[in-house]
Amino acid sequence: MTAPIYVLRGEKIGLAVPSRELVPLWTEWINDLAVVGHLAILSGGPMTLEAEQRFYDGRADRPNDMLFAVYELATDRPIGSTGIHDVDHRHGRATFGIMIGARDCWNRGYGTEATRLTIDYAFEVLGLHNVLLTVYGYNKRAIRVYEKAGFKVIGRRRAARRIGAKRYDEIYMDVVASEWTSPVARGALGIAED
Ligand SMILES: CC(C)(COP(=O)(O)OP(=O)(O)OC[C@H]1O[C@@H](n2cnc3c(N)ncnc32)[C@H](O)[C@@H]1OP(=O)(O)O)[C@@H](O)C(=O)NCCC(=O)NCCS
């Protein structure tokens, strides 16, 4: 596999350019119920490699969606992805998504750092002001990650997610630039402050 091209490096993980050769790995992850059970795309059924390739190739037509590949820095191993979606420059807002697909990498702090680096890019590089996410009420690990990264709960859509016969709440969380301290991006830009 080609060496990652890093955009932002943290302590344990880096955000890199998403290359097409990662598509088979992503397809594997989004067909893993333990991963996709927490994502909105679950209802779409099994995802084929061809559909995922089309999604990847269609990125040029979605300038308001930005995708990062997440790599473990110590090994240069691809472990997941993050995204800044629905970018609205008029109002300075966007939505956020994350998948650490390599399950053996859960609970090592990678998801928290990947979230922080992506939001750092959204605020410090893109100049956005508000980033929103939705998370299902049963996804306690993700909620913990988002709180650690700086998100706050702003609302709850009750019983709006159904898995089998059960219903769960959808939780809304956001983070704003005025409450943000940049961990990496500000320094990476190399702009001297007046
Ligand atoms: C959610 C996800 C991004 C988290 O990544 P991660 O690398 O495991 O997260 P981290 O290691 O940074 O942090 C996990 C935290 O959750 C905590 N945690 C784990 N399981 C938990 C549970 N059942 N209840 C509460 N907290 C839990 C861990 O203890 C840790 O918190 P701590 O540092 O205070 O101890 C990753 O598991 C993932 O991609 N899951 C599948 C897809 C998904 O859920 N995406 C998000 C959709 S909104």
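Helices and strands here are DSSP runs, helices of at least four residues and strands of at least two, numbered from the N terminus. Keep in mind, too, that what you're looking at is a predicted model.

Let's start with the empty space in the protein. The largest pocket has a volume of about 1,200 Å³. It's lined by 44 residues, and the ones closest to its centre are Leu39, Ser81, Gly97, Ile98 and Met99. Which elements each supply at least two residues of that lining? They are the helices α1 (23-30), α2 (33-36), α3 (49-57), α4 and α5, along with the strands β4 (77-88), β5 and β6. Sorted by class, the lining has 24 nonpolar residues, 13 polar ones and 7 charged ones.

So much for the walls; now for the occupant. The ligand takes up the space of this largest pocket. Four elements give two or more residues to the shell around the ligand: β5 (93-100), α4 (110-125), β6 (130-136) and α5 (140-149). Of these, α5 makes the largest contribution to the shell, with 7 residues.

Zoom in a little and you'll find 24 residues around the ligand, with Ile100, Gly109, Gly111, Thr112 and Lys148 coming nearest. By class, the shell splits into 12 nonpolar, 7 polar and 5 charged residues.

Where do polar atoms of the protein meet oxygen atoms of the ligand? Take Gly111, one of the nearest residues: a polar atom of the Gly111 backbone lies 2.7 Å from a ligand oxygen. Asn107 also uses its backbone, with a polar atom there 2.8 Å from an oxygen atom of the ligand. With Trp106, it's the side chain that takes part, and an N or O atom in it is 3.3 Å from a ligand oxygen.

How much of the ligand does the protein bury? Taken alone, the ligand exposes 970 Å², and the protein buries 75% of that.

Technical notes:
Residues numbered from 1 in each chain as written. Predicted model: local features only at pLDDT ≥ 70, side-chain atom pairs only at ≥ 80, totals over all residues. Heavy atoms only, no water. Near = heavy atom within 4 Å. Polar contact = N/O pair within 3.5 Å; in protein donor to acceptor, adjacent residues only side chain to side chain. Areas by Shrake-Rupley, 256 points an atom, 1.4 Å probe, with all protein chains shown as cover. 1 Å grid on protein atoms, 1.4 Å probe; cavity = no way out; pocket = protein on both sides within 12 Å on 5 of 7 lines; lining within 4 Å. Sits in = over half its atoms within 2 Å of the grid points. Nonpolar A, V, L, I, M, F, W, Y, C, P; charged D, E, K, R; others polar. Points joined across faces, edges and corners; volume = space filled by probe spheres on them.
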